[in-house]
Amino acid sequence: MTNTLRKEERAYENGTDRPLGSYLRILTVYGGAVAGLVGLGRLVGARPPERIAPLDLVLMGLTTHRMSRTLSKDPVTSPLRAPFTRYAGVSGPAELKEEVRGHGVKHAIGELVTCPFCLAQWVATAYAAGMVFAPGLTRLAGATMSAVAVSDWLQLAYARLMKATEEGS
């Protein structure tokens, strides 16, 4: 069985280093965390909401966007990524560009923690769990991160307007 899996991994890689086994380990951790949260919810009698209100969905989306960018790109969170990445410069306003380093699990984790799109699933899952276990606190944290996201967009729009004004003068 192991030989068959390794053969499939080599065929998939197409000459590049793709740590499929490590990705599978990360998926297993994610699945285990979700299963653990479901089990904990049943154990303590916590119930998911009957339905998700449109405002909660917007809050969850904005929070997921902001938190996944904060975790994967913010200079202040770079110590969390440092064991798996190497600083490579600046990629945008208040965002870092980092290169993934290492092999196997280290490389796979590096890809996860530098990719806001990849982290979004984990952040949204944590937010959903928060809505089951502590909805009020989760909404407050969500509103805070949503305000930060809106502020970011306003900062970028302001900078663009200032640049356009300077170019028009």
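**Group meeting: salt bridges and packing in a predicted chain**

Let me start with one residue, Glu111, which counts as partly exposed at 21% relative accessibility. Buried means under 20%, so at 21% Glu111 does not qualify. Before going on, please keep in mind that this is a predicted model.

What does the side chain of Glu111 meet? The partner is Arg18, and the two side chains form a salt bridge of 3.1 Å, N to O. Arg18 lies in the loop between helix H1, residues 2–13, and helix H2, residues 20–44, while Glu111 is in helix H5, residues 104–113, so this pair ties together parts that are 93 residues apart in sequence. Arg18 counts as partly exposed, at 26% relative accessibility.

How many salt bridges does the structure hold? There are five, and I will go through two more of them.

Next is Arg66 with Asp152. Their side chains meet in a salt bridge at 2.2 Å, N to O. This pair also links distant parts of the chain: Arg66 is in helix H3, residues 54–73, and Asp152 is in helix H7, residues 135–168, with their positions 86 residues apart in sequence. Is Arg66 buried or exposed? Arg66 is buried, at 9% relative accessibility. Asp152, on the other side of the bridge, is at 24% and counts as partly exposed.

Then there is Arg81, which forms a salt bridge with Glu98; the closest N and O atoms are 2.4 Å apart. Arg81 belongs to helix H4, residues 78–81, and Glu98 to strand E2, residues 95–100, so to speak a helix-to-strand link, with the two residues 17 apart. Arg81 is buried, with a relative accessible area of 1%. Glu98 is buried as well, at 14%.

Now the chain as a whole. Which elements does the chain have? It has seven helices and two strands. Read from the N terminus, the order is α-α-α-α-β-β-α-α-α. The radius of gyration is 20 Å, well over the 15 Å that the globule rule gives for 169 residues, so the chain is more spread out than a compact globule. The C-alpha trace spans about 70 × 45 × 25 Å along its principal axes.

A few totals go with that. Of the 169 residues, 27% are buried. About 11400 Å² of the chain is exposed, and carbon and sulfur atoms supply 65% of that area. Taking contacts with a separation of 6 or more, 55% are between residues 24 or more positions apart. On charge, the chain has 19 positive and 14 negative charges, and their mean positions are 5 Å apart.

Back to helix H5, where we met Glu111. Which residues of H5 are buried? They are His107, Ala108, Gly110, Leu112 and Val113. What do they pack against? The buried residues of H5 pack against H2, H3, H4, E2 and helix H6, which covers 116–133.

Three single residues to finish.

Asp56 is in helix H3. Asp56 is buried, with a relative accessible area of 13%. Setting aside neighbours within four places in sequence, Asp56 is in contact with Met131 and Arg139.

Leu37 is in helix H2 and counts as partly exposed, at 32% relative accessibility. Beyond its neighbours within four places in sequence, Leu37 contacts Ala129 and Phe133. How far apart are Leu37 and Ala129? In sequence they are 92 residues apart, and in space 7.1 Å, C-alpha to C-alpha.

Last is Val90, in strand E1, residues 85–92. Is Val90 buried or exposed? Val90 is exposed, with a relative accessible area of 60%. Because exposed means over 50%, Val90 at 60% meets that cut-off. Not counting residues up to four places away in sequence, Val90 touches Glu95, Leu96 and Lys97. Val90 and Pro75, 15 residues apart in sequence, have their C-alpha atoms 9.3 Å apart.

To recap, the Arg18 and Glu111 bridge joins parts 93 residues apart in sequence, the Arg66 and Asp152 pair links H3 to H7, and the Arg81 and Glu98 pair links H4 to E2.

Technical notes
Residues are numbered from 1 along each chain as its sequence is written. This is a predicted model: local features need pLDDT of at least 70, side-chain atom pairs count only at pLDDT 80 or more; totals for chains, interfaces and linings use all residues. Side-chain values use heavy atoms; hydrogens and water are left out. A salt bridge is a side-chain nitrogen of Lys or Arg within 4 Å of a carboxyl oxygen of Asp or Glu. Helices (H or I, at least four residues) and strands (E, at least two) are DSSP runs, numbered from the N terminus. Buried means under 20% relative accessible area, exposed over 50%, partly exposed in between (1.4 Å probe, protein chains only). The radius of gyration is taken over C-alpha atoms; the globule rule is 2.2 Å times the number of residues to the power 0.38. Contact means heavy atoms within 4.5 Å. Accessible areas come from the Shrake-Rupley method with a 1.4 Å probe; for residues, only the protein chains shown count as cover. Lys and Arg count as positive and Asp and Glu as negative; His and the chain ends are not counted. The place of a charge is taken as NZ of Lys, CZ of Arg, CG of Asp or CD of Glu.
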